[in-house]
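Work through the exercises below with the sequence and the structure at hand. Each task is followed by a solution in steps.

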Amino acid sequence: MDHAPGPHSPHSPLVGAPSEVARTPAPPIDWTALPPALKRELRASHVGEAVAVRLYDGVADATGDAAARLFARKHREVELTHLSRLRALVPEGEESRLVGLLSAGGWLMGWLPAKLGPHRFYTVLASVEQWVDTHYARQIDIARRHGAPDGLVRLLQACRNDEAHHAEDGWALAGRPDALARALAWVAVSSSRLGVALARRV
Ligand SMILES: [Fe+2]
Ligand SMILES: [Fe+2]
């Protein structure tokens, strides 16, 4: 017999728990002393986490599906924690000027697939989170190469682990993606890649 985890199980893919970032504080860093390459990366991740929060607002606005709404509510809480850590690192005034615009895109990235069916949303989410995992891996590499403080590398690693976990949550619920789900996922990953590239510069 198949025992799918219920929404109240700590290992349910719906609840996005446990979060490693929730146990990992943002280290005190001297922003002005960071190399420009690392500043660009942190700025991009700050935008990425703001986009993630808005994505779940889009899901909640699009669907009445109880499981998808629970998934969105619980994962949004985790993404809010990620956002607060990045917010603590990137000083006011140093963030990308595209936060508002790209966050609106994030809302659409959640709303559209959720409108077209929860399994399509899970496919999009899992694909994007899988890509975010590689984004953080690259960032950890850059941080290490530039001799970033241990606490910063630890936080980025915790973010990476959470995102990898979110990708697993999405795939656990996505089923076998149809052509539309795969197309939406391709668009979402391509736009995320573009958004991060822009946020590094603007
Ligand atoms: Fe995140
Ligand atoms: Fe995530």
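**Exercise 1. Find the residues that Thr24 touches, leaving out residues up to four places away in sequence, and describe its surroundings.**

Solution. Step 1: Thr24 touches Arg154, Leu155 and Ala158 once residues up to four places away in sequence are not counted. The model is a predicted one.

Step 2: Thr24 sits in the segment before helix 1.

Step 3: Thr24 has 19 C-beta neighbours inside 10 Å, so it counts as partly exposed. The cut-off needed here is that a buried residue has 20 or more other C-beta atoms within 10 Å.

Step 4: For a distance across the model, take Ser190, which is 166 residues from Thr24 in sequence and 30 Å from it in space, C-alpha to C-alpha.

**Exercise 2. Describe Ala26 and Ile29 by location, exposure and contacts.**

Solution. Step 1: Ala26 belongs to the segment before helix 1, and Ile29 lies in the segment before helix 1 as well.

Step 2: Ala26 has 15 C-beta neighbours inside 10 Å and therefore counts as partly exposed. Ile29 has 19 C-beta neighbours inside 10 Å, so Ile29 also counts as partly exposed.

Step 3: Not counting residues up to four places away in sequence, Ala26 touches Arg85, Ala88, Leu89 and Leu155. With that same exclusion, Ile29 touches Leu34, Leu89, Pro149 and Leu152.

Step 4: Ala26 and Gly64 are 38 residues apart in sequence, and their C-alpha atoms are 35 Å apart in space. Ile29 and Val90 are 61 residues apart along the chain, with 9.5 Å between their C-alpha atoms.

**Exercise 3. Determine how helix 2 and helix 5 are oriented to each other, and which residues meet.**

Solution. Step 1: Helix 2 covers residues 66-89 and helix 5 covers residues 150-174. The two pack at an angle of about 160°, and their axes are 11 Å apart.

Step 2: An angle over 145 degrees counts as roughly antiparallel. Helix 2 and helix 5 are therefore roughly antiparallel to each other.

Step 3: Their crossing is left-handed.

Step 4: On the side of helix 2, the residues are His75, Val78, His82 and Arg85; they meet Leu155, Cys159, Asp162 and His166 in helix 5. By class, these are three nonpolar, three polar and two charged residues.

**Exercise 4. Do the analysis for helix 1 and helix 4, then examine Glu41.**

Solution. Step 1: Helix 1 (residues 36-62) and helix 4 (residues 118-145) have axes 11 Å apart and pack at an angle of about 165°. That makes helix 1 roughly antiparallel to helix 4.

Step 2: Helix 1 passes helix 4 in a left-handed crossing. Helix 1 contributes Ala37, Leu38, Glu41, Ser45, Gly48 and Val59 to the contact, and helix 4 contributes Phe121, Val132, Gln139, Ile142 and Ala143.

Step 3: Sorted by class, the contact of helix 1 with helix 4 has seven nonpolar, three polar and one charged residues.

Step 4: Glu41 lies in helix 1. Glu41 has 25 other C-beta atoms within 10 Å, so it is buried.

Step 5: Leaving aside neighbours within four places in sequence, Glu41 is in contact with Gln139, Ile142 and Arg200. The C-alpha atoms of Glu41 and Arg138 are 9.4 Å apart, although the two residues are 97 apart along the chain.

**Exercise 5. Do the analysis for helix 3 and helix 6.**

Solution. Step 1: Helix 3 (residues 99-115) and helix 6 (residues 179-201) have axes that come within 11 Å and cross at roughly 170°. The two are therefore roughly antiparallel to each other.

Step 2: The contact is made by Leu102, Gly105, Met109, Leu112 and Pro113 of helix 3 with Leu184, Ala188, Ser191, Gly195 and Ala199 of helix 6.

Step 3: These residues divide into seven nonpolar, three polar and no charged.

**Exercise 6. Describe the largest nonpolar core.**

Solution. Step 1: The largest nonpolar core has 48 residues, of which Val59, Phe121, Val124 and Leu156 touch the most other members.

Step 2: Helix 1, helix 2, helix 3, helix 4, helix 5 and helix 6 each supply at least two residues of this core. Helix 1 gives the most, with eleven residues.

Step 3: Take Val124 as an example: not counting residues up to four places away in sequence, Val124 touches Met109, Pro113, Leu184, Ala185 and Ala188.

Terms used
Residues numbered from 1 in each chain as written. Chains lettered and ligands numbered in written order. Predicted model: local features only at pLDDT ≥ 70, side-chain atom pairs only at ≥ 80, totals over all residues. Axes fitted to C-alpha atoms, helices over the stretch in contact; angles between N-to-C directions. Helix = DSSP H or I, 4+ residues; strand = E, 2+ residues; numbered from the N terminus. Parallel < 35°, antiparallel > 145°, perpendicular 65-115°, else oblique. Left-handed = near helix turned anticlockwise from the far one by under 90°. Contact = placed C-beta atoms within 7 Å. Nonpolar A, V, L, I, M, F, W, Y, C, P; charged D, E, K, R; others polar. Core = buried A, V, L, I, M, F, W, Y, C linked by C-beta atoms within 7 Å. Buried ≥ 20, exposed ≤ 12 C-beta atoms within 10 Å, placed from the backbone.
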